[in-house]
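Visitor: Hey, I'm new to this one. Can you walk me through it, a piece at a time?
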Amino acid sequence: MANLELYELEGCPYCAKVTKKLDELGLEYESHMVPRSHSERTEVEEISGQTGVPVLVDEDNGIEGMAESDDIVAYLEKHYA
Ligand SMILES: N[C@@H](CCC(=O)N[C@@H](CS)C(=O)NCC(=O)O)C(=O)O
């Protein structure tokens with residue numbers, strides 16, 4: 001069973017692309033909604049070095065903060081499809 005976490009924002013199309021892929025693959029994940037204000041996105045900045053979302057965490061596979069929705073979708077397809 002995968003142990004995935006996703007930092008995301010309500011209404012974010014890039015996040016929706018990732019959650020659609022997670023749903024397609026039948027993967028459960030823990031969702032962390034980030035604040036709309038960039039200056040308050042301290043947690044996501046700590047783990048990924050930037051404030052954009054989505055950011056994926058997959059600690060079981062050494063992924064501590066992957067940004068870029070296209071990279072995340074490609075990663076999920078490669079490891080979980
Ligand atoms: N290229 C990024 C774009 C992500 C993006 O622009 N996300 C918005 C929310 S919809 C955001 O968090 N922007 C703030 C930022 O990039 O610092 C991706 O595809 O993941």
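Guide: Sure. Keep in mind that this is a predicted model. Let's start with the hairpin of β3 and β4, where G62 takes a positive phi near 75°.

Visitor: How many residues sit between the strands of that hairpin?

Guide: The hairpin of β3 and β4 has 4 residues between its strands.

Visitor: And how do β3 and β4 run, parallel or antiparallel?

Guide: They run antiparallel, with 3 bridges joining β3, residues 55–58, to β4. In that pairing, V55 stands opposite A67 in β4.

Visitor: OK, zooming out. What's the strand order in the sheet?

Guide: The order is β2-β1-β3-β4, an open sheet of 4 strands with mixed pairing. At the edges are β2 (29–33) and β4 (63–67), each of which pairs on one side only. From one strand to the next, the twist averages 20°.

Visitor: In which sense do β1 and β2 pair?

Guide: Strand β1, residues 4–8, pairs with β2 in the parallel sense, over 5 bridges. You can look for L6 opposite S31 in β2, and for E8 opposite M33 in β2.

Visitor: Is β1 largely enclosed or not, and why?

Guide: Largely enclosed by the rest of the structure, because 4 of the 5 residues of β1 are buried.

Visitor: Switching to helices. At what angle do α1 and α3 pack?

Guide: At about 5°, and their axes are 9 Å apart. An angle under 35 degrees counts as roughly parallel, so α1 and α3 are roughly parallel to each other.

Visitor: Which residues meet there?

Guide: From α1 you have Y14, K17, V18, K21 and L22, and they meet S69, I72, V73 and L76 in α3. The residues of this contact divide into 6 nonpolar, 1 polar and 2 charged.

Visitor: There's a ligand too, right? Which residues are around the ligand?

Guide: Around the ligand are L9, C12, P13, Y14, H38, T51, G52, V53, P54, E68, S69 and D70.

Visitor: Which helices supply at least two residues of that shell?

Guide: Those are α1 (13–24) and α3 (69–80). Y14 of α1 and S69 of α3 belong to the contact of the two helices, and Y14 and S69 are also among the residues around the ligand.

Visitor: How does the shell divide into nonpolar, polar and charged?

Guide: The shell around the ligand has 6 nonpolar residues, 4 polar ones and 2 charged ones.

Notes: Residues numbered from 1 in each chain as written. Predicted model: local features only at pLDDT ≥ 70, side-chain atom pairs only at ≥ 80, totals over all residues. Near = placed C-beta within 6 Å. Nonpolar A, V, L, I, M, F, W, Y, C, P; charged D, E, K, R; others polar. Pairing = 2+ DSSP bridges. Axes fitted to C-alpha atoms, helices over the stretch in contact; angles between N-to-C directions. Parallel < 35°, antiparallel > 145°, perpendicular 65-115°, else oblique. Contact = placed C-beta atoms within 7 Å. Buried ≥ 20, exposed ≤ 12 C-beta atoms within 10 Å, placed from the backbone.
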